[in-house]
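Here are my comments on the model you sent, set out as numbered points. I begin with one helix and its surroundings, then turn to a sheet, the aromatic rings and the nonpolar core.

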Amino acid sequence: MLATQKMAAFVGARDAAKAKAFYGDTLGLRLVSEDHGALVFDAGGTRLRVQAGVEVAAVKYTVLGWQVADIVAAVKELAQRGVKFEVFGGFRQDELGIWTAHDGTRVAWFKDPDGNILSLDQAP
């Protein structure tokens, strides 16, 4: 039933102004609406609802990710916008923080102002 329906994504944020600046200005997502303590962005045709003014629980997994055609270019552009890419122990990441999986998929992780883990990935 849901396989043909549009999906929406949700993430929490303590501070609406910081979230608006990060998702809108830094990541370049278009703000669609701002109401009732939530920011709604268009993320490539997927609605991203950022629920502002909430306590954000720290999780150790990726909550949002984007597939990109050129991960090196995307990482460099976001780094120029002030995004810091994460380096995790336990597996090798290159100097940009990009990890290459056994199947050739390349992944880089970064955090939003609330510590939510976000990612970029490029298929082989």
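What covers the buried residues of H2?

1. In this predicted model, the cover over the buried residues of H2 includes helix H1 (16–26) together with two strands, E7 (106–111) and E8 (117–122). The buried residues in question, within a helix that runs over residues 71–80, are Ile71, Ala74, Val75 and Leu78. Because they cover an arc of only 100° around the axis, they lie on the same side of H2.

2. The two ends of H2 each deserve a remark. At its start, a side-chain oxygen of Asp70 comes to within 3.2 Å of the backbone nitrogen of Val72, while just after the helix Gly82 adopts a positive phi of about 100°.

3. Strands E7 and E8, already mentioned as part of the cover over H2, also belong to an open sheet of four strands, whose order is E5-E8-E7-E6 and whose pairing is mixed. Its edges are formed by strand E5 (62–67) and strand E6 (99–100), each of which pairs on one side only. Between E6 and E7 the pairing is antiparallel and extends over two bridges; Trp99 has Val107, in E7, as its bridge partner.

4. As for aromatic rings, a search of the whole structure returns eight pairs. For Phe22 and Phe110, the ring centres are 6.5 Å apart and the planes stand at 50°, so this pair is classed as tilted. It joins distant parts of the chain, given that Phe22 sits in helix H1 and Phe110 in strand E7, 88 residues apart. Both Phe22 and Phe110 are buried, and ring pairs link these two with Tyr23, Phe41 and Phe85 into a cluster.

5. Which residues of the largest nonpolar core touch the most other members? The core holds 26 residues, and those with the most such contacts are Tyr23, Leu27, Leu48, Val50, Trp66, Phe110 and Leu120. Two or more residues come from each of strand E1 (8–13), H1, strand E3 (38–43), strand E4 (46–52), E5, H2, E7 and E8, with H2 giving the most, namely four residues.

6. Tyr23 merits a separate look, as a member of both the ring cluster and the core. Leaving aside residues up to four places away in sequence, Tyr23 touches Val11, Gly28, Leu29, Phe41, Leu48, Val50, Leu64, Asp112 and Leu118. Among these contacts, Phe41 is also a member of the ring cluster, whereas Leu48 and Val50 also appear among the core residues that touch the most other members.

How values were computed:
Residues are numbered from 1 along each chain as its sequence is written. This is a predicted model: local features need pLDDT of at least 70, side-chain atom pairs count only at pLDDT 80 or more; totals for chains, interfaces and linings use all residues. Side-chain values use heavy atoms; hydrogens and water are left out. Buried means under 20% relative accessible area, exposed over 50%, partly exposed in between (1.4 Å probe, protein chains only). The arc is that of the directions from the helix axis to the C-beta atoms. Contact means heavy atoms within 4.5 Å. A polar contact is a pair of N or O atoms within 3.5 Å; within protein, one must be able to donate a hydrogen and the other to accept it, and residues adjacent in sequence count only if both atoms are side-chain atoms. Two strands pair if DSSP finds at least two bridges between them. Rings of Phe, Tyr and Trp (its six-membered ring) pair if their centres lie within 6.5 Å; planes under 30 degrees apart count as stacked, over 60 as edge-to-face and the rest as tilted. A nonpolar core is a set of buried Ala, Val, Leu, Ile, Met, Phe, Trp, Tyr and Cys residues joined through side-chain atoms within 4.5 Å.
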